[in-house]
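Thanks for making time this morning. I would like to walk you through one model, beginning with a cysteine and then moving on to a glutamate and the nonpolar packing.

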Amino acid sequence: MLIAFIIIGILIFGVFAVAIFDGVLNFGNIAGMALGAVYAGLGVLIDRIDGFDRILYALLAVCVLLLIVLKMREIYAAGKTTAGDEKVIIVLGCRVKGDKPSRALVKRTDAAYKFLLRNPDSVAILSGGQGRDENISEAECMQNLLYERGILKDRLILEDRSTSTDENIKFSVEIMQSIGAENRVAIATSDYHQKRAALICRRYGLKSSVISSKTKPTLLPTFLLREIFATAKEHMIK
């Protein structure tokens, strides 16, 4: 049992630590590495725990890990693309480095581009403000990417005030109301992000479908773990 928990702990730590080599360090992989350290520590200490308590701790550790894996799977499953012919899509912003899009932002914009190409009557609300280290807003950056690929600017509506996913959708709803759009919308964002986006859409009275971009496999566990906490917070707000 000692060796098993140490190996599990090391594997968990490694799965989340690898994201650092891609320049990602957030609550998700910090929590994941901490979880791995706890399991490895439990492996070192578990043989010092007497009888029934040892079994109890081991079962608790297994149940916690299983619960996390099942919740991550649920969040990932919500990222399956379901959009069809929606007239309005909301593209959720992501980090801009200076005036250059991050990899995630490029992928989200690319997913939106493919949808707009298939649906020439649809318009996109590009949602994302300008952070302190960003030379342009995320919305403007997405507009540039789409315009360069041939999407006309009159199909692109900028929402450049938001600083969070909640504000992305809140301010986009205000735009939809101002143009007389119905409450049916497709959300273009990363696969791991769709579950939380859907919960927020529901809170603002939107019927949302999914346009997902794929996340690099080595980064996916980090973002899925972070989303467990983010979606839990959204459920509490609801």
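Let me start with C94, which is buried at a relative accessible area of 17%, where buried means under 20% relative accessible area, exposed over 50% and partly exposed in between, with a 1.4 Å probe and protein chains only. Before going further, I should say that this is a predicted model, in which local features need pLDDT of at least 70 and side-chain atom pairs count only at pLDDT 80 or more, while totals for chains, interfaces and linings use all residues. Residues are numbered from 1 along each chain as its sequence is written, and side-chain values use heavy atoms, with hydrogens and water left out.

Taking a disulfide as a pair of cysteine sulfur atoms within 2.5 Å, the count comes to 0. For C94, the nearest cysteine sulfur belongs to C141 and lies 10 Å away. C63, by comparison, is partly exposed, at 49%.

Now to E234, which sits in helix α8, residues 220–237, helices being DSSP runs of H or I of at least four residues, numbered from the N terminus. E234 is buried, at 6% relative accessibility. Which residues does E234 contact, leaving aside neighbours within four places in sequence? They are L199, I200 and R203, with contact meaning heavy atoms within 4.5 Å. The side chains of E234 and R203 approach to 2.7 Å in what, for N or O atoms within 3.5 Å with one able to donate a hydrogen and the other to accept it, and with sequence-adjacent residues counting only if both atoms are side-chain atoms, is called a polar contact.

Technical notes:
Helix = DSSP H or I, 4+ residues; strand = E, 2+ residues; numbered from the N terminus.
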